[in-house]
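User: I'm new to this and keep tripping over the labels people put on protein structures. Can you go through one with me and explain where the words come from?

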Amino acid sequence: FAFVLAPYLYLTVHPNFKASGRILRTLPWSFAVAILNAASEEFQFRSVLLAHLRGAFRAGENILLTAAFFGMNHYYGQPSGPLGVLMAGAAGWIWARSMIDTRGGVWAFLIHMTQDMVIFTFLAVGAGM
């Protein structure tokens with residue numbers, strides 16, 4: 001995911017790498033926020049929805065629904081826009097699938113947190129900062 005996300009963020013966030021000192025200064029906060037954001041989104045968009053949808057639809061349909069909700073939620077987030085919706089939706093599909101297959105959320109959380117660290121690193125050196 002990071003190999004796709006990083007070039008996308010480079011083109012959309014327009015980082016100013018002359019301000020790369022911000023990465024180290026903001027690293028503890030980026031890590032803390034990445035943990036909180038990943039935990040929150042995994043709970044909100046996968047754990048709760050997959051549990052409530054379990055008896056209503058088949059597993060594949062539940063995965064698709066949670067991925068669609070997750071992707072649409074990122075239209076104004078990061079990654080953003082129509083391509084961001086597709087990227088987040090694809091990630092959401094894989095993470096929901098991992099929750100169903102492993103009967104747990106550890107892998108989804110860890111990968112999501114790693115992605116958030118990539119996003120927050122780019123935002124730390126964003127041209128608008």
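User: Let's start at Ala2. Where is Ala2 found, and what makes it partly exposed?
Analyst: Ala2 is found in helix H1. Helices here are DSSP runs of H or I with at least four residues, strands are E runs of at least two, and both are numbered from the N terminus. Buried means under 20% relative accessible area, exposed means over 50%, and partly exposed is in between (1.4 Å probe, protein chains only). Ala2 has a relative accessible area of 29%, so it is partly exposed. By the way, the C-alpha atoms of Ala2 and Gly81 are separated by 18 Å, with their positions 79 residues apart along the chain.

User: Before we go on, what sort of model is this?
Analyst: It's a predicted model, where local features need pLDDT of at least 70 and side-chain atom pairs count only at pLDDT 80 or more, while totals for chains, interfaces and linings use all residues. Residues are numbered from 1 along each chain as its sequence is written, and side-chain values use heavy atoms, with hydrogens and water left out.

User: Why is H1 called roughly parallel to H5?
Analyst: The axes of H1 and H5 cross at roughly 20° and come within 10 Å. That makes H1 roughly parallel to H5, because angles under 35 degrees count as roughly parallel, over 145 as roughly antiparallel, 65 to 115 as roughly perpendicular and the rest as oblique. The axes are lines fitted to C-alpha atoms, for helices over the stretch in contact, and angles run from 0 to 180 degrees between N-to-C directions. The crossing of H1 and H5 is right-handed.

User: And why are H2 and H5 called oblique?
Analyst: Helix H2 (residues 21-53) and helix H5 (residues 106-124) have axes that cross at roughly 140° and come within 7 Å. That angle falls in none of the named ranges, so H2 and H5 are oblique to each other. H2 passes H5 in a right-handed crossing, meaning the near helix is turned clockwise from the far one by less than a right angle (anticlockwise would be left-handed).

User: What kinds of residues make up the contact of H2 with H5?
Analyst: They divide into 14 nonpolar, 5 polar and 5 charged. Ala, Val, Leu, Ile, Met, Phe, Trp, Tyr, Cys and Pro count as nonpolar, Asp, Glu, Lys and Arg as charged, and the others, Gly among them, as polar.

User: How do you know that the reach of H2 is close to what's expected?
Analyst: The expected span is 1.5 Å times one less than the number of residues. H2 has 33 residues, which gives 48 Å, and its first and last C-alpha are 45 Å apart.

User: Where does H2 bend?
Analyst: At Leu27, by about 55°, and a proline, Pro28, follows within four residues. The bend is the angle between axes fitted to the seven residues ending there and the seven starting there.

User: Which residues of H2 are buried?
Analyst: They are Ser30, Ala34, Ala38, Glu41, Glu42, Phe45, Arg46, Leu50 and Leu53. An α-helix has 3.6 residues a turn, so residues three or four places apart point the same way.

User: What makes His74 buried or exposed?
Analyst: His74 has a relative accessible area of 8%, so by the cut-off it is buried. His74 is found in the loop between H3 and H4, and it sits 9.2 Å from Met87, C-alpha to C-alpha, although they are 13 residues apart in sequence.

User: What about Trp107: buried or exposed?
Analyst: Its relative accessible area is 54%, so Trp107 is exposed. Trp107 is found in helix H5, 7.6 Å from Trp95 in space, C-alpha to C-alpha.

User: What is the phi of His14, and what is the phi of Arg103?
Analyst: His14 has a positive phi of about 55° although it is not a glycine, and phi of Arg103 is near 60°. His14 is in the loop between helix H1 (2-13) and H2, while Arg103 lies in the loop between H4 and H5. His14 is partly exposed, because its relative accessible area is 47%, whereas Arg103, with 72%, is exposed.
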